[in-house]
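The exercises below are to be worked with the sequence and the model open side by side. Each task is followed by a solution in steps.

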Amino acid sequence: MAVVSVKLEDVYRMHMNDIYRYLYRLTGDAGVAEDLTQDTFIRAFRFLDMKKSGLVRPWLFKVAYNAFIDWYRKRKREGLTSLSDEHLDISVATQEPENHLLDKEFWETFEQVISTFPWKQKNALLMFYVHQLSYEEIAEVLDISLSDVKSAIYRGRQKLRVNWRSEEHE
């Protein structure tokens, strides 16, 4: 039994920050993201022993995504978004201030540009660029086909190019 609890602790330590950041990006609310992160790991720990072979990380993103969807449905379609610098995947301690500022500006522009994208495109782009999940992992998390993921990312990239250029000209 002690071996299982150590494994659960390791899984939590290894993935908690990524899951929190992902949920924070989806909700835009630190408190809600914390609650959903806790809910994600409670759900995951119940079924981790039954999890068949495969990678745990994409499976945790799927559990987090489902927890978010449940929360979102309860809110009756209120607004979303916010990718503030508080949760960016940037290590300020190892980065020079000017590079940190450029990264912060980049992610703020990224947030603005994708905020109006369709849900599937926005989510696929977040998982691909921010959390570096593979196409296969994104398909598993969102429970869509691989071709849908490729299409969402392709179309999202096209919109990013067009919208990013318009942001630069404003």
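Helices here are DSSP runs of H or I with at least four residues, and strands are runs of E with at least two, numbered from the N terminus. The model is a predicted one.

**Exercise 1. Overall layout**

Task: Determine how many helices and strands the protein has, and which pattern they follow along the sequence.

Solution:
- Step 1. Counting the runs gives seven helices and zero strands.
- Step 2. Read in sequence order, the pattern is α-α-α-α-α-α-α.
- Step 3. Burial comes next: 39% of the 170 residues count as buried.
- Step 4. The accessible surface is about 10100 Å², and carbon and sulfur atoms account for 52% of it.
- Step 5. For contacts between residues at least 6 apart in sequence, 64% join residues at least 24 apart.

**Exercise 2. Two partners for aspartate 18**

Task: Find which arginines form salt bridges with aspartate 18, and state where each partner lies.

Solution:
- Step 1. Side chains of opposite charge can pair when their charged atoms come close. The cut-off used is 4 Å between a side-chain nitrogen of Lys or Arg and a carboxyl oxygen of Asp or Glu.
- Step 2. Arginine 21 meets this cut-off, with its closest N and O atoms 2.6 Å from those of aspartate 18. Both residues belong to helix H1 (residues 2-27) and are three residues apart, about one turn of the helix.
- Step 3. Arginine 57 also forms a salt bridge with aspartate 18, at 3.3 Å from N to O. This pair links distant parts of the chain, since aspartate 18 is in helix H1 and arginine 57 is in helix H3 (residues 56-74), 39 residues apart.
- Step 4. Buried means under 20% relative accessible area. Aspartate 18 is therefore buried at 16%, and arginine 21 is buried at 15%. Arginine 57, at 22%, is partly exposed.
- Step 5. In the structure as a whole there are eight salt bridges.

**Exercise 3. Helix H2: a charged pair and a threonine**

Task: For aspartate 39, arginine 43 and threonine 40, decide which are buried and which are partly exposed.

Solution:
- Step 1. Aspartate 39 and arginine 43 form a salt bridge of 3.2 Å, N to O. Both are in helix H2 (residues 30-47), four residues apart, about one turn of the helix.
- Step 2. Aspartate 39 has a relative accessible area of 26% and is partly exposed. Arginine 43 is partly exposed as well, at 21%.
- Step 3. Salt bridges with shared partners also join Glu9, Asp10 and Arg13 into one network.
- Step 4. Threonine 40 is in helix H2 too, but its relative accessible area is 0%, so threonine 40 is buried.
- Step 5. Leaving out residues up to four places away in sequence, threonine 40 touches Ile19, Leu23, Leu60, Val63, Ala64 and Ala67.

**Exercise 4. The largest nonpolar core**

Task: Identify which residues touch the most other members of the largest nonpolar core, and which helix gives the most to this core.

Solution:
- Step 1. In soluble globular proteins, nonpolar side chains tend to be buried together.
- Step 2. The core has 45 residues, and those touching the most other members are Tyr22, Leu23, Phe68, Phe110, Ile138 and Leu160.
- Step 3. At least two core residues come from each of H1, H2, H3, helix H4 (97-114), helix H5 (119-130), helix H6 (135-142) and helix H7 (146-169).
- Step 4. H3 gives the most, with eleven residues.
- Step 5. Within H6, the buried residues are Glu137, Ile138, Ala139, Val141 and Leu142. Aspartate 143 follows H6 and has a positive phi, near 55°.

**Exercise 5. The surroundings of tyrosine 129**

Task: State which residues tyrosine 129 touches, and with which side chain it makes a polar contact.

Solution:
- Step 1. Tyrosine 129 is located in helix H5. Its relative accessible area is 32%, so tyrosine 129 is partly exposed.
- Step 2. Apart from residues up to four places away in sequence, tyrosine 129 touches Trp107 and Arg157.
- Step 3. The polar contact is between the side chains of tyrosine 129 and arginine 157, at 2.7 Å.
- Step 4. From tyrosine 129 to isoleucine 153 the C-alpha to C-alpha distance is 9.9 Å, with their positions 24 residues apart in sequence numbering.

Note on methods:
Residues are numbered from 1 along each chain as its sequence is written. This is a predicted model: local features need pLDDT of at least 70, side-chain atom pairs count only at pLDDT 80 or more; totals for chains, interfaces and linings use all residues. Side-chain values use heavy atoms; hydrogens and water are left out. Buried means under 20% relative accessible area, exposed over 50%, partly exposed in between (1.4 Å probe, protein chains only). Contact means heavy atoms within 4.5 Å. Accessible areas come from the Shrake-Rupley method with a 1.4 Å probe; for residues, only the protein chains shown count as cover. A nonpolar core is a set of buried Ala, Val, Leu, Ile, Met, Phe, Trp, Tyr and Cys residues joined through side-chain atoms within 4.5 Å. A polar contact is a pair of N or O atoms within 3.5 Å; within protein, one must be able to donate a hydrogen and the other to accept it, and residues adjacent in sequence count only if both atoms are side-chain atoms.
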